[in-house]
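Hi,

Here is the structure I promised to pass on to you. Please have a look at it first, and then read my notes below.

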Amino acid sequence: MKGLATVAAISALANSVSAHYIFETLTAGSTKFDVYQYIRKNSNYNSPVTDLASNDLRCNVGATGSGTETIAMTAGESFSFTLDVAVYHQGPTSIYLSKAPGAAADYDGSGEWFKIKDFGPTFSNGQATWPLQQTYTYTLPKCIENGDYLLRISQLAIHNPWPAGIPQFYTSCAQITVTGGTGSANPQNVLIPGAFKDTDPGYTVNIYNNFQNYTVPGPAPLTC
């Protein structure tokens, strides 16, 4: 009986671990690269970050520049992040940039961040449709400055409404070197942690009760 209980516990743990997802592959232009080649590898497998005061909100648990390559990209170039499995928890996905003071590999993300894209819900006939995808694609803004950046993607899962449940951040960062930017951008900068609060309507919303509109947490995306 004890052996069966142990097996059941191990199985439950395995299922809980596998019940998440992680952004692990970067595509730049038309080239899809190896898993974690240009994305910082985290140490918590595919588990989320839930502490709004944690530095792990920047790039995930244990995700540093050590052993991660930095890819050269051109402002205006398209890119994609691909997960191990498609997102299936309701919630928005957002993309941020933070300019490194030197090499991206040496940067801890403690400087300012600005958002460049939100993937939020659409509403029709009283129903919300979320962009639950395995790959998210966008374009580097042409108006940003040249230099090294952390390119952060994060999906905020709000399927377990606050405060009974705790929203979950599934986050990864790529390391990029940007050329060809005009430097004319005037983004709304924030710090991470600090950009997201447990009073944000997009964090506290109950998607199962009179859910008619939605505001993604964080600053407005940059427009060039």
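Let me start with the lining of the largest cavity: β10 gives the largest share of it, 4 residues. This is a predicted model, so please read everything here in that light. Two elements, β5 (93-99) and β10 (147-157), each give two or more residues to that lining. The full set of lining residues is P92, S94, Y96, R152, S154, Q155, L156, F169, F196, V216 and P217. By character, 7 of the lining residues are nonpolar, 3 are polar and 1 is charged.

How big is this largest cavity? Its volume comes to about 90 Å³. With 30 Å³ or more as the cut-off, the count is 1 cavity.

I also looked at one of the sheets. It is an open sheet of 4 strands, paired antiparallel, and the order across it is β2-β1-β4-β9. Which strands stand at the edges? They are β2 (31-32) and β9 (135-139); each has a single partner strand, so one side of each is left without a neighbour in the sheet.

At the β2 end, the partner is β1 (residues 23-28), and this antiparallel pair is joined over 2 bridges. If you would like a place to zoom in, try A28, whose bridge partner in β2 is T31.

When you open the model, you could begin with the β10 residues around the cavity, among them R152, S154, Q155 and L156, and then move over to the sheet.

Happy to talk it through whenever suits you.

Best wishes

Notes. Residues are numbered from 1 along each chain as its sequence is written. This is a predicted model: local features need pLDDT of at least 70, side-chain atom pairs count only at pLDDT 80 or more; totals for chains, interfaces and linings use all residues. Side-chain values use heavy atoms; hydrogens and water are left out. Two strands pair if DSSP finds at least two bridges between them. On a 1 Å grid over the protein atoms alone, a cavity is a set of points where a 1.4 Å probe fits but cannot get out, and a pocket is an open set with protein on both sides within 12 Å along at least five of seven lines; lining residues have an atom within 4 Å of a point. Grid points are joined across faces, edges and corners, and a volume is the space filled by probe spheres set on the points. Ala, Val, Leu, Ile, Met, Phe, Trp, Tyr, Cys and Pro count as nonpolar, Asp, Glu, Lys and Arg as charged, and the others, Gly among them, as polar.
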